Amino acid sequence: MSNAHVPHPRPMYMATMTEAIAGGDLSTMKQVAAEAEQHLAAYGDVSGLLQLLKVEIAKAEAKG
Amino acid sequence: MDQPLPSPDLSARSPDQPASVPARYCYDDDFRKLVPVLVVWETTLACNLKCQHCGSRAGRPRPDELSTDEALDLVDRLAALGTREISLIGGEAYLRKDWVEIIRRCRSHGIRTAVQTGARNLTDRRLDDAVEAGLQAIGISIDGLPDLHDRVRGVPGSYDQAISALRRAKERGLAVSVNTQIGPETPDHLPELMDRIIEAGATHWQIQFTVAMGNAVDNPDLLLQPHRLLDVMPLLARLYREGLDRGLLMVVGNNVGYYGPYEHIWRGLGDDRMHWSGCAAGQIGIGIEADGTLKGCPSLATSLYAAGNIREMSVEDIWRHADRMQFGRLRSVDELWGYCRTCYYADICRAGCTWTSESLLGKRGNNPYCHYRVLDLARHGLRERVVKIKDAPNEAFAIGEFALIQEPIPGADSPGLPERDPATVHRHAYERSPEGGVVPPSLTLCRGCNQYIWPHETGCPHCGADVAAAAAQHEIDSARRRALIRETQRLLDEARAAKQSAAKQSVAPLPG
């Protein structure tokens, strides 16, 4: 793979390059994981609630 | 000053460079075409702090600082040469009455403009004026928790003023960052300092080692001993990772060296194709002293690197032709000495930061502030420390001299370094462009040990891995990670779209 367009970052003694963001798979995975956790938090524990629903359904059906 | 402006060559910027890429990321064509992408400008030597490590011994303004007209003309000429980013420093840049005019002129050319400051008496009025003129970013120097910072900066209360300025700049929409110099007392402060600057709103944190120049030569106790990289670098790596999770991106300065176990993590901020590729002074960067003296880097010793003054020559001529500006384009591995001369990375690293090595040892080409070197020495039971042997003159950017002492690590078995033949060091085939620029080489990352290697290697000289086989396995792992990222993003996108659709339906008017 050509590296012609790979930048050479140059942090001299100057104000930090505040436009920079972290890249790479690890950073992206962490970002996506954080979004997924936000999603789960917003929707609550659907999986746990489903289990409770099934138990209550089974109990109601058992009572006839 | 009456020469016509050269035409800007905008073709140097990579055609696929998105707008979000930092202005100072430099590409091969920037080197080939000699574009001074970065400019660091000491607009005045006047300063209201009394920093014990100040390399320029700032305090009083220089007697012959540029006039407003000269300064604004200089901005125009840098823009014409293709400059993309200017950092205004000092002294304290805002002690110049026309600093806002300089910012406004920089922004009129579309140049990214930032100020690096100690922030003493950086009032709301000054901040408002700078923001109104178009200032985009501010870097605030904080060297530790209050007691240490105030002592090093020489003014009680300066820490509180710095943190206050950070918050107030953030409130005004500026990009805010912190620069921290590492001396022997600093490492213990770093974890709590990181908490505090995150809380105050910083998003970026530049780390660099205090350099033996100017006031720091008078106060050598402020210099970190090179062997302490053994414990400081793992600490920095831990804070880098913690910072990522907390919205703070650590940017290691160019004297935090080089090619050790963390190079692939932080130099490219996660993009491991990027790595240290040598001092760029005079290749893509210019430093300006307040009287119009140009150097390849703002921090280099004036006595050795003053390449010319814009009152006597055009900026373009100094940039393209002055000997002292060109040194970085002409140097070779042959000028290296000491450990660096026989190092595996000699012909790309070039002994790291020229400012750091030359200020310390009086001659560039050998740099003990290198993690790869410190680890190599430690494996052989050795370490290095520095001792001052010569004071620095009482001038801005003056250097003294330190002795470099290699000694056994106390209590360790010290077999000593094996003999290494300088003739066996790999030499890269550098090519000079018609403009006189040279492109730094690119290394490959061994996926077996995450150490950089020259591209011709088939077996890793560090870990012995089959380089191609390790790369192939890495590709498989990488493809799996990217597929996982894509699938998770797809599900999240669908969930977001469903939520938006439900929200629209809930506010739609009832039919009939």
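The exercises below concern chain B of a predicted model, each with a worked solution.

**Exercise 1. Overall form**

Determine whether the radius of gyration of chain B agrees with that of a compact globule, and describe the extent of the chain.

Solution. Step one is the expected value: for 512 residues, a compact globule would have a radius of gyration near 24 Å. Step two is the comparison: chain B has 24 Å, which agrees. Step three is the extent: the C-alpha trace spans about 90 × 60 × 55 Å along its principal axes. The secondary structure of chain B consists of 17 helices and 14 strands.

**Exercise 2. Burial, contacts and charge**

State what share of chain B is buried, how its contacts are spread along the sequence, and how far apart the mean positions of its charges are.

Solution. Of the 512 residues, 58% are buried. Next, take the contacts between residues at least 6 apart in sequence: 69% of them join residues at least 24 apart. The accessible surface comes to about 20,700 Å², and carbon and sulfur atoms account for 50% of this area. Finally, chain B carries 60 positive and 67 negative charges, and their mean positions lie 3 Å apart.

**Exercise 3. The surroundings of Arg341(B)**

Classify Arg341(B) as buried or exposed, and find which residues it touches.

Solution. First locate the residue: Arg341(B) sits in the loop between α13 (323-330) and α14 (346-349). Its relative accessibility is 14%; the cut-off for burial is under 20%, so Arg341(B) counts as buried. Leaving out residues up to four places away in sequence, Arg341(B) touches Val333(B), Asp334(B), Leu336(B), Ala346(B), Pro422(B), Val425(B) and Arg427(B). For Pro422(B) there is also a distance: its backbone oxygen lies 3.4 Å from a polar atom of the Arg341(B) side chain.

**Exercise 4. Helix α16 and its cover**

Identify the buried residues of helix α16 (residues 371-379) and name elements that cover them.

Solution. The buried residues in this helix are His371(B), Tyr372(B), Arg373(B), Val374(B), Asp376(B) and Leu377(B). Their cover includes the helix α9 (229-245) and the strands β11 (382-390) and β12 (401-408). Continue past the end of the helix: just after α16(B), Gly381(B) takes a positive phi of about 75°.

**Exercise 5. Backbone exceptions in loops**

Find where the positive phi values of Leu34(B) and Tyr259(B) occur, and locate the cis peptide bond at Gly91(B).

Solution. Start from the general expectation: most residues other than glycine have a negative phi, and most peptide bonds are trans. Leu34(B) has a positive phi, near 55°, and lies in the loop between α1 (28-32) and β1 (38-42). Tyr259(B) likewise has a positive phi, near 60°, and lies in the loop between β7 (249-252) and α10. Leu34(B) is buried, with a relative accessible area of 1%; Tyr259(B) is also buried, at 1%. For the peptide bond, omega is about 10° between Gly90(B) and Gly91(B), and the bond is cis. Gly91(B) belongs to the loop between β2 (85-89) and α3 (99-108).

**Exercise 6. Ala280(B) in sequence and space**

Place Ala280(B), and give its separation from Asn254(B) in sequence and in space.

Solution. Ala280(B) is in the loop between α10 (263-266) and β8 (285-288). With a relative accessible area of 12%, Ala280(B) is buried. Ala280(B) and Asn254(B) are 26 residues apart in sequence, and their C-alpha atoms are 9.7 Å apart in space.

Terms used: Residues are numbered from 1 along each chain as its sequence is written. Chains are lettered from A and ligands numbered from 1 in the order in which they are written. This is a predicted model: local features need pLDDT of at least 70, side-chain atom pairs count only at pLDDT 80 or more; totals for chains, interfaces and linings use all residues. Side-chain values use heavy atoms; hydrogens and water are left out. Helices (H or I, at least four residues) and strands (E, at least two) are DSSP runs, numbered from the N terminus. The radius of gyration is taken over C-alpha atoms; the globule rule is 2.2 Å times the number of residues to the power 0.38. Buried means under 20% relative accessible area, exposed over 50%, partly exposed in between (1.4 Å probe, protein chains only). Contact means heavy atoms within 4.5 Å. Accessible areas come from the Shrake-Rupley method with a 1.4 Å probe; for residues, only the protein chains shown count as cover. Lys and Arg count as positive and Asp and Glu as negative; His and the chain ends are not counted. The place of a charge is taken as NZ of Lys, CZ of Arg, CG of Asp or CD of Glu. A polar contact is a pair of N or O atoms within 3.5 Å; within protein, one must be able to donate a hydrogen and the other to accept it, and residues adjacent in sequence count only if both atoms are side-chain atoms.
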